[in-house]
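This report covers the surroundings of two bound ligands. The sequence and structure come before the description.

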Amino acid sequence: MSDTVLSSQQLPQHIAFIMDGNGRWAKSKGKPRVFGHRAGVKSVRRTIRTAARLGVKAVTLFAFSSENWQRPEEEVSLLMELFMVALTNEVKRLHKNDLKLKVIGDTSAFSQRLQDKIAEAEAITENNKGMQVNVAANYGGKWDIAQATKRIAKQIETGEVSVEEIDEALLSKHMSLSDLPEVDLMIRTSGESRISNFMLWQMAYAELYFCPCHWPDFDEDALIEAVSWFVNRERRFGCTGEQVKALMTTEKGF
Ligand code: IPE
Ligand code: IPE
Ligand code: MG
């Protein structure tokens, strides 16, 4: 018996998602991989809605890794097109719900059309005060550390910073999402237990949660289950999914 009331402070503030298994999900249904990617977009929408209703401060979704260029050209261009369409459609919904969109990764490799779309989507939601939704696109954890290092090296070149001043805090300042709390909970779907070069720096102390279901099947209950697991683990506090659910607001109009 527990008379302790669960408060939203005990929830993870920043949740990162490795959205894996779209291809396998489609295959299990005898459909082409793209069918899985399309279903994956619906899962993204659902996940954002649930996290926002729980009062989470930020979510980061791994959409395209720096290694994903190695996939067949046809799949890569399809993923780009899907990203383009999703940005166009979803930004209105995000804005309506006061959510802020940020894309992290080396976006310079994308087409100008996609880069413009990203800039436009970020600008529309820039001043929103609700949950921050980060999409990692052409992102790699090693790339992130390298780009931070490069920026510091440039400051050393100009004499703005000295070599002695390099420390973890300075590096953190130059990593992607330095204005957010580090990741508390990382969720990977589809049963693989690796982090595939995701946010290596920002996940240094994250709890890692691996769930067997494929990303298109990751629903509200699956997220609640992961969050309850986090609360029970991190805070040594026996909470139930129902208690987590009770923290959800209903006013969001997704
Ligand atoms: C995740 O699903 C989506 C992306 C990486 C873009 P996958 O495409 O990796 O699906 P599986 O792992 O092949 O099933
Ligand atoms: C990780 O999934 C990257 C994304 C979810 C975008 P992958 O399916 O690409 O990872 P690996 O290749 O199995 O490690
Ligand atoms: Mg995969």
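In this predicted model, helix α1 gives the largest share of the shell around ligand 1, three residues. Both α1 (22–28) and α2 (33–54) supply at least two residues of that shell each. Helices (H or I, at least four residues) and strands (E, at least two) are DSSP runs, numbered from the N terminus. Residues are numbered from 1 along each chain as its sequence is written, and chains are lettered from A and ligands numbered from 1 in the order in which they are written. Local features need pLDDT of at least 70, side-chain atom pairs count only at pLDDT 80 or more, and totals for chains, interfaces and linings use all residues, while side-chain values use heavy atoms, with hydrogens and water left out.

The residues around ligand 1 are M19, D20, G21, N22, G23, R24, R33, H37, A63, N68, R71 and L79; a residue counts as near if one of its heavy atoms lies within 4 Å of the molecule. Three of these residues are nonpolar, five polar and four charged. Here Ala, Val, Leu, Ile, Met, Phe, Trp, Tyr, Cys and Pro count as nonpolar, Asp, Glu, Lys and Arg as charged, and the others, Gly among them, as polar.

Polar contacts to the ligands are pairs of N or O atoms within 3.5 Å. Those listed below involve an oxygen atom of the ligand in each row.

| Ligand | Protein partner | Distance |
|---|---|---|
| Ligand 1 | N22, backbone N or O atom | 3.1 Å |
| Ligand 1 | R24, polar backbone atom | 2.7 Å |
| Ligand 1 | R33, side-chain N or O atom | 2.8 Å |
| Ligand 2 | D20, side-chain N or O atom | 3.1 Å |
| Ligand 2 | N68, side-chain N or O atom | 2.9 Å |
| Ligand 2 | S196, side-chain N or O atom | 2.6 Å |

Of the 390 Å² of accessible area that ligand 2 has on its own, the protein covers 78%; for ligand 1, the protein covers 86% of 380 Å². These areas come from the Shrake-Rupley method with a 1.4 Å probe.

The shell around ligand 2 consists of I18, M19, D20, F62, A63, F64, S65, N68, R71, R188, R194 and S196. Strand β2 (residues 58–65) provides the largest share, four residues. By class, the shell of ligand 2 holds five nonpolar, three polar and four charged residues.

Ligand 2 sits in the largest pocket, and the space taken by ligand 1 is likewise the largest pocket. A pocket is an open set of points on a 1 Å grid over the protein atoms alone, with protein on both sides within 12 Å along at least five of seven lines. A molecule sits in a pocket if more than half of its atoms lie within 2 Å of the grid points.

Note on methods. A polar contact is a pair of N or O atoms within 3.5 Å; within protein, one must be able to donate a hydrogen and the other to accept it, and residues adjacent in sequence count only if both atoms are side-chain atoms. On a 1 Å grid over the protein atoms alone, a cavity is a set of points where a 1.4 Å probe fits but cannot get out, and a pocket is an open set with protein on both sides within 12 Å along at least five of seven lines; lining residues have an atom within 4 Å of a point.
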